Amino acid sequence: MGGFDYNIVLIGFMGTGKSTVSEYLSARFAMRTVEMDQVIAEREKMSIPEIFAVHGEEYFRDLETGLLVEMQSHKNTVISCGGGAALREKNVVQMKKNGKVVLLTASPETVYERVKNSEGRPVLDGRKNVKGILELMEQRRDRYEAAADIVVNTDNKTVPQVCEELVQRLMEMEE
Ligand code: S3P
(Lines give C-alpha, C1' and ligand atoms only; values in the text may rest on other atoms or scores of the structure.)
Protein backbone atom coordinates (compact mmCIF):
# COMPACT_ATOMS: atom_id res chain seq x y z
CA MET A 1 0.00 0.00 0.00
CA GLY A 2 1.38 3.38 -1.01
CA GLY A 3 0.24 5.33 2.01
CA PHE A 4 -2.32 8.07 2.30
CA ASP A 5 -2.20 11.19 0.17
CA TYR A 6 -3.60 13.18 3.06
CA ASN A 7 -3.03 13.39 6.81
CA ILE A 8 -5.06 11.57 9.45
CA VAL A 9 -5.92 13.88 12.32
CA LEU A 10 -6.74 12.04 15.55
CA ILE A 11 -8.91 13.91 18.02
CA GLY A 12 -10.74 12.95 21.19
CA PHE A 13 -10.73 13.17 24.93
CA MET A 14 -7.62 12.46 26.96
CA GLY A 15 -7.08 8.73 27.28
CA THR A 16 -9.06 7.67 24.21
CA GLY A 17 -5.87 6.25 22.70
CA LYS A 18 -4.75 8.92 20.24
CA SER A 19 -1.02 8.47 20.84
CA THR A 20 -1.17 4.68 20.94
CA VAL A 21 -3.25 4.46 17.77
CA SER A 22 -0.93 6.93 16.11
CA GLU A 23 2.14 4.82 16.87
CA TYR A 24 0.45 1.69 15.60
CA LEU A 25 -0.71 3.32 12.34
CA SER A 26 2.75 4.67 11.80
CA ALA A 27 4.34 1.23 12.17
CA ARG A 28 1.66 -0.59 10.19
CA PHE A 29 1.35 1.78 7.23
CA ALA A 30 4.75 3.49 7.23
CA MET A 31 3.20 6.83 8.06
CA ARG A 32 4.95 9.65 9.81
CA THR A 33 3.53 10.81 13.12
CA VAL A 34 3.31 14.14 14.80
CA GLU A 35 2.48 14.15 18.48
CA MET A 36 1.28 17.74 18.83
CA ASP A 37 1.79 18.08 22.58
CA GLN A 38 5.28 16.68 22.32
CA VAL A 39 6.30 18.97 19.46
CA ILE A 40 4.88 22.00 21.28
CA ALA A 41 6.64 21.08 24.53
CA GLU A 42 9.95 20.58 22.72
CA ARG A 43 9.72 23.86 20.90
CA GLU A 44 8.75 25.79 24.02
CA LYS A 45 11.27 23.90 26.12
CA MET A 46 8.54 23.49 28.74
CA SER A 47 6.12 20.74 29.73
CA ILE A 48 2.42 21.17 28.90
CA PRO A 49 1.53 21.95 32.55
CA GLU A 50 4.32 24.56 32.61
CA ILE A 51 3.07 26.20 29.42
CA PHE A 52 -0.44 26.39 30.92
CA ALA A 53 0.92 27.83 34.18
CA VAL A 54 3.30 30.35 32.64
CA HIS A 55 1.48 31.50 29.50
CA GLY A 56 -2.10 30.31 29.96
CA GLU A 57 -4.37 28.06 27.91
CA GLU A 58 -5.04 30.60 25.14
CA TYR A 59 -1.34 30.79 24.32
CA PHE A 60 -1.15 26.99 24.18
CA ARG A 61 -4.19 26.82 21.86
CA ASP A 62 -2.54 29.35 19.51
CA LEU A 63 0.49 27.10 19.27
CA GLU A 64 -1.82 24.22 18.35
CA THR A 65 -3.40 26.29 15.56
CA GLY A 66 0.03 27.22 14.19
CA LEU A 67 1.21 23.63 14.14
CA LEU A 68 -1.95 22.46 12.36
CA VAL A 69 -1.35 25.04 9.63
CA GLU A 70 2.25 23.94 9.31
CA MET A 71 1.26 20.29 8.87
CA GLN A 72 -0.82 21.05 5.80
CA SER A 73 2.28 20.90 3.64
CA HIS A 74 2.73 17.24 4.66
CA LYS A 75 0.84 14.07 3.74
CA ASN A 76 0.72 10.45 4.92
CA THR A 77 1.19 11.73 8.46
CA VAL A 78 -0.83 10.86 11.56
CA ILE A 79 -1.35 13.96 13.64
CA SER A 80 -2.18 13.11 17.21
CA CYS A 81 -3.85 16.17 18.71
CA GLY A 82 -4.01 17.15 22.35
CA GLY A 83 -7.45 16.45 23.80
CA GLY A 84 -8.49 20.09 23.73
CA ALA A 85 -7.38 20.99 20.22
CA ALA A 86 -10.72 20.25 18.52
CA LEU A 87 -12.66 22.47 20.91
CA ARG A 88 -11.57 25.54 19.05
CA GLU A 89 -13.35 26.25 15.80
CA LYS A 90 -10.19 27.83 14.41
CA ASN A 91 -8.28 24.60 14.97
CA VAL A 92 -11.01 22.49 13.40
CA VAL A 93 -10.85 24.59 10.22
CA GLN A 94 -7.11 23.88 10.01
CA MET A 95 -7.61 20.17 10.82
CA LYS A 96 -10.00 19.79 7.90
CA LYS A 97 -7.37 21.20 5.55
CA ASN A 98 -5.01 18.42 6.64
CA GLY A 99 -7.17 15.50 5.60
CA LYS A 100 -9.54 13.27 7.54
CA VAL A 101 -10.47 14.01 11.13
CA VAL A 102 -10.97 10.85 13.20
CA LEU A 103 -12.63 11.04 16.61
CA LEU A 104 -11.64 8.32 19.08
CA THR A 105 -14.09 7.75 21.93
CA ALA A 106 -14.11 5.75 25.17
CA SER A 107 -16.33 5.53 28.22
CA PRO A 108 -15.41 7.66 31.26
CA GLU A 109 -14.52 4.43 33.09
CA THR A 110 -12.06 3.42 30.36
CA VAL A 111 -10.57 6.91 30.27
CA TYR A 112 -10.16 6.90 34.03
CA GLU A 113 -8.30 3.58 33.91
CA ARG A 114 -5.98 4.95 31.23
CA VAL A 115 -5.19 8.30 32.85
CA LYS A 116 -5.33 7.53 36.56
CA ASN A 117 -1.59 7.12 36.99
CA SER A 118 -0.48 9.89 34.66
CA GLU A 119 0.61 13.36 35.64
CA GLY A 120 0.82 16.18 33.16
CA ARG A 121 -2.85 16.67 32.33
CA PRO A 122 -3.68 20.01 33.90
CA VAL A 123 -7.31 20.05 32.76
CA LEU A 124 -7.94 16.95 34.90
CA ASP A 125 -6.57 18.56 38.04
CA GLY A 126 -9.19 18.22 40.77
CA ARG A 127 -11.48 15.99 38.68
CA LYS A 128 -9.47 12.90 37.96
CA ASN A 129 -12.33 10.53 38.73
CA VAL A 130 -15.11 8.93 36.66
CA LYS A 131 -17.65 11.63 37.53
CA GLY A 132 -15.28 14.52 36.77
CA ILE A 133 -14.26 12.90 33.48
CA LEU A 134 -17.88 12.29 32.50
CA GLU A 135 -18.79 15.92 33.16
CA LEU A 136 -15.95 17.30 31.07
CA MET A 137 -16.68 14.76 28.34
CA GLU A 138 -20.32 15.86 28.18
CA GLN A 139 -19.26 19.50 27.91
CA ARG A 140 -17.04 18.64 24.98
CA ARG A 141 -19.04 15.97 23.19
CA ASP A 142 -20.86 18.17 20.65
CA ARG A 143 -17.73 19.95 19.58
CA TYR A 144 -15.79 16.73 19.15
CA GLU A 145 -18.58 15.17 17.10
CA ALA A 146 -19.00 18.25 14.94
CA ALA A 147 -15.31 18.20 14.06
CA ALA A 148 -15.16 14.50 13.12
CA ASP A 149 -15.35 12.87 9.69
CA ILE A 150 -15.52 9.46 11.36
CA VAL A 151 -15.94 8.24 14.94
CA VAL A 152 -14.27 5.08 16.29
CA ASN A 153 -15.10 3.79 19.75
CA THR A 154 -12.15 2.16 21.52
CA ASP A 155 -13.81 0.47 24.52
CA ASN A 156 -12.82 -3.19 24.89
CA LYS A 157 -10.92 -3.23 21.60
CA THR A 158 -7.26 -3.93 21.01
CA VAL A 159 -5.14 -1.31 19.28
CA PRO A 160 -4.93 -3.40 16.06
CA GLN A 161 -8.74 -3.76 16.07
CA VAL A 162 -9.23 -0.02 16.46
CA CYS A 163 -6.78 0.67 13.63
CA GLU A 164 -8.34 -1.90 11.28
CA GLU A 165 -11.74 -0.35 11.84
CA LEU A 166 -10.37 3.14 11.36
CA VAL A 167 -8.62 2.36 8.09
CA GLN A 168 -11.59 0.36 6.81
CA ARG A 169 -13.87 3.33 7.44
CA LEU A 170 -11.48 5.74 5.71
CA MET A 171 -11.33 3.45 2.68
CA GLU A 172 -15.11 3.30 2.54
CA MET A 173 -15.24 7.09 2.52
CA GLU A 174 -13.02 7.21 -0.53
CA GLU A 175 -15.12 4.80 -2.58
C1 S3P B 1 -5.78 18.64 26.98
C2 S3P B 1 -5.29 17.39 26.65
C3 S3P B 1 -3.84 17.05 26.68
C4 S3P B 1 -2.99 18.31 26.50
C5 S3P B 1 -3.41 19.37 27.45
C6 S3P B 1 -4.87 19.78 27.30
C7 S3P B 1 -7.23 18.87 26.97
O8 S3P B 1 -3.55 16.12 25.66
O9 S3P B 1 -3.06 18.81 25.20
O10 S3P B 1 -3.17 18.87 28.73
O11 S3P B 1 -7.66 20.04 27.10
O12 S3P B 1 -7.99 17.89 26.82
P13 S3P B 1 -3.90 14.53 25.72
O14 S3P B 1 -5.26 14.34 25.14
O15 S3P B 1 -2.85 13.92 24.84
O16 S3P B 1 -3.80 14.10 27.12
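**The ligand and an aromatic pair**

In this predicted model, the ligand sits in the largest pocket. A shell of 13 residues surrounds the ligand, and the ones that come nearest are Lys18, Asp37, Gly83, Arg121 and Arg140. Sorted by class, that shell is a bit of a mix: 5 residues are nonpolar, 3 are polar and 5 are charged.

Some of the contacts can be picked out atom by atom. In the side chain of Arg140, an N or O atom is 2.7 Å from an oxygen atom of the ligand. The backbone joins in too: Gly83 has a backbone N or O atom 2.9 Å from a ligand oxygen, and a polar backbone atom of Gly84 is 3.2 Å from an oxygen atom of the ligand. As for how much of the ligand is covered, on its own it has 390 Å² of accessible area, and the protein covers 95% of that.

Now for the aromatic rings. A pair of them is described by the distance of the centres and the angle of the planes. The count here comes to 3 aromatic pairs. One of them is Phe4 with Phe29: the ring centres are 6.1 Å apart and the planes sit at 80 degrees, over the 60 needed, so this pair is edge-to-face. Phe4 belongs to the segment before strand E1 (7–11), while Phe29 is in helix H1 (residues 18–29), so the pair ties together parts that lie 25 residues apart in sequence.

Conventions:
Residues numbered from 1 in each chain as written. Predicted model: local features only at pLDDT ≥ 70, side-chain atom pairs only at ≥ 80, totals over all residues. Heavy atoms only, no water. Near = heavy atom within 4 Å. Polar contact = N/O pair within 3.5 Å; in protein donor to acceptor, adjacent residues only side chain to side chain. Areas by Shrake-Rupley, 256 points an atom, 1.4 Å probe, with all protein chains shown as cover. 1 Å grid on protein atoms, 1.4 Å probe; cavity = no way out; pocket = protein on both sides within 12 Å on 5 of 7 lines; lining within 4 Å. Sits in = over half its atoms within 2 Å of the grid points. Nonpolar A, V, L, I, M, F, W, Y, C, P; charged D, E, K, R; others polar. Phe/Tyr/Trp six-rings, centres within 6.5 Å; stacked < 30°, edge-to-face > 60°. Helix = DSSP H or I, 4+ residues; strand = E, 2+ residues; numbered from the N terminus.
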